[in-house]
Amino acid sequence: MADGLMMYETQFFGFSPQTCVLRVHSGIQDSLLDVMLVVERVIHKKLKELPDNRVTPSQLRACTESFLQLMKERLDLIFERVEQGILQHIFYIPENILLPEDSVQEQHVYTEKQYQEMQMEIAQLQQSYKCEMMAKHALLNELEEQKMTEIKLEQRVHWLNSLDNTWKNNAVSSIPESLTFVTELAQEIPAVLAKIEEKYKDEIEQKQALGARTKGEESNWKQHKMKLGHE
């Protein structure tokens, strides 16, 4: 197999010349194996017709494999020359030939130094692009944080406005008065809770009694089941 990658030929033909030659070689070997198997069956059939035949199928298979190995070795020697001819005279593009899609190279010729400078410039541009993308992501994250902060500020302003409206509705005009108002409301909470408990006292007692009765029945039922189990 040729050592060169033949990338230009691969670009033009659409496949690797070495791969094509390798597949041709594999196809010939497969065909040779198929032919040898057919020949083996024919020989075996002819030998069975002979009256004094002493050749066993295993001996015939060993002879077939030996002959096949010999044919493969000869084929490899011949195919080396065939491969060189194919790669050097068929799937080969001379060095002075330029493909149509590469004709732009004739208009823009660069020396090796210019090519290296261009590669360095491309690397710098890529690095600058990465830095700009990182800066963009950082700005987007900061903008998102500012939006969240703005939402929280709006919530605080809404809460303060609601509190201010409550103070105004209750004729509270200063911070000390508002603190006094809040303290009075907090002191009224136990009394309100007491009124609610007094109002629904009977219902609460009934629910508690019903719960206690249910627990007692469940306990009696469990004891009864245990007695039955012991019996």
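The following paragraphs describe the fold, the buried residues, the one salt bridge and a surface patch of a predicted model.

In this predicted model, local features need pLDDT of at least 70 and side-chain atom pairs count only at pLDDT 80 or more, while totals for chains, interfaces and linings use all residues. Residues are numbered from 1 along each chain as its sequence is written, and side-chain values use heavy atoms, with hydrogens and water left out.

The protein has seven helices and zero strands, where helices (H or I, at least four residues) and strands (E, at least two) are DSSP runs numbered from the N terminus. Its pattern along the sequence is accordingly written α-α-α-α-α-α-α. About 19,900 Å² of the protein is exposed, and carbon and sulfur atoms supply 59% of that area; accessible areas come from the Shrake-Rupley method with a 1.4 Å probe, and for residues only the protein chains shown count as cover. Of the 231 residues, 11% are buried. Here buried means under 20% relative accessible area, exposed means over 50%, and partly exposed lies in between (1.4 Å probe, protein chains only). Among contacts with a separation of 6 or more, 62% join residues 24 or more positions apart, a contact being heavy atoms within 4.5 Å.

Attention turns next to the nonpolar interior. A nonpolar core is a set of buried Ala, Val, Leu, Ile, Met, Phe, Trp, Tyr and Cys residues joined through side-chain atoms within 4.5 Å. The largest such core has six residues, namely M6, V21, F79, I86, L87 and F91. Helix α3 gives the most to this core, with three residues. Leaving aside neighbours within four places in sequence, I86 is in contact with V21 and F91.

P17 touches several members of this core. This proline lies in helix α2 (residues 17-49) and is buried, with a relative accessible area of 0%. Not counting residues up to four places away in sequence, P17 touches M6, E9, T10, L87 and F91; of these, M6, L87 and F91 belong to the core. The C-alpha atom of P17 is also separated by 9.7 Å from that of E83, although the two residues are 66 positions apart along the chain.

Further pairings between distant stretches of sequence involve L75 and L99. L75 is found in helix α3 and counts as buried at a relative accessible area of 15%. Beyond residues up to four places away in sequence, L75 touches I28 and Q29. The C-alpha atoms of L75 and I28 are separated by 8.8 Å, with their positions 47 residues apart along the chain. L99, by contrast, lies in the loop between α3 and α4 (104-107), yet L99 is buried too, at 5% relative accessibility. Its contacts outside the four nearest places in sequence are Y8, Q11, F12 and I93. The C-alpha atoms of L99 and Y8 are 8.8 Å apart, for residues 91 positions apart along the chain.

Helices α2 and α3 are also linked through charged side chains. Side chains of opposite charge can pair when their charged atoms come close. With a salt bridge taken as a side-chain nitrogen of Lys or Arg within 4 Å of a carboxyl oxygen of Asp or Glu, the count comes to one. That salt bridge joins the side chains of R61 and E40 (2.9 Å, N to O). Because R61 lies in helix α3 and E40 in helix α2, the pair ties together parts that are 21 residues apart in sequence. The two partners differ in exposure: R61 is partly exposed at 39% relative accessibility, whereas E40 is buried at 9%.

E40 is also touched by T64, which contacts M36 as well, not counting residues up to four places away in sequence. T64 has its place in helix α3 (residues 57-90) and is buried, with a relative accessible area of 10%. A polar atom of the T64 side chain lies 2.8 Å from the backbone oxygen of L60.

On the surface, I189, V192, L193, I196 and Y200 make a nonpolar patch of about 450 Å². Patches are made of residues with over 30% relative accessible area and no salt bridge, with like charges joined within 9 Å and nonpolar side chains (Val, Leu, Ile, Met, Phe, Trp, Tyr) within 5 Å. One member, Y200, lies in the loop between α6 (175-199) and α7 (201-230) and is partly exposed, with a relative accessible area of 37%.

Terms used:
A polar contact is a pair of N or O atoms within 3.5 Å; within protein, one must be able to donate a hydrogen and the other to accept it, and residues adjacent in sequence count only if both atoms are side-chain atoms.
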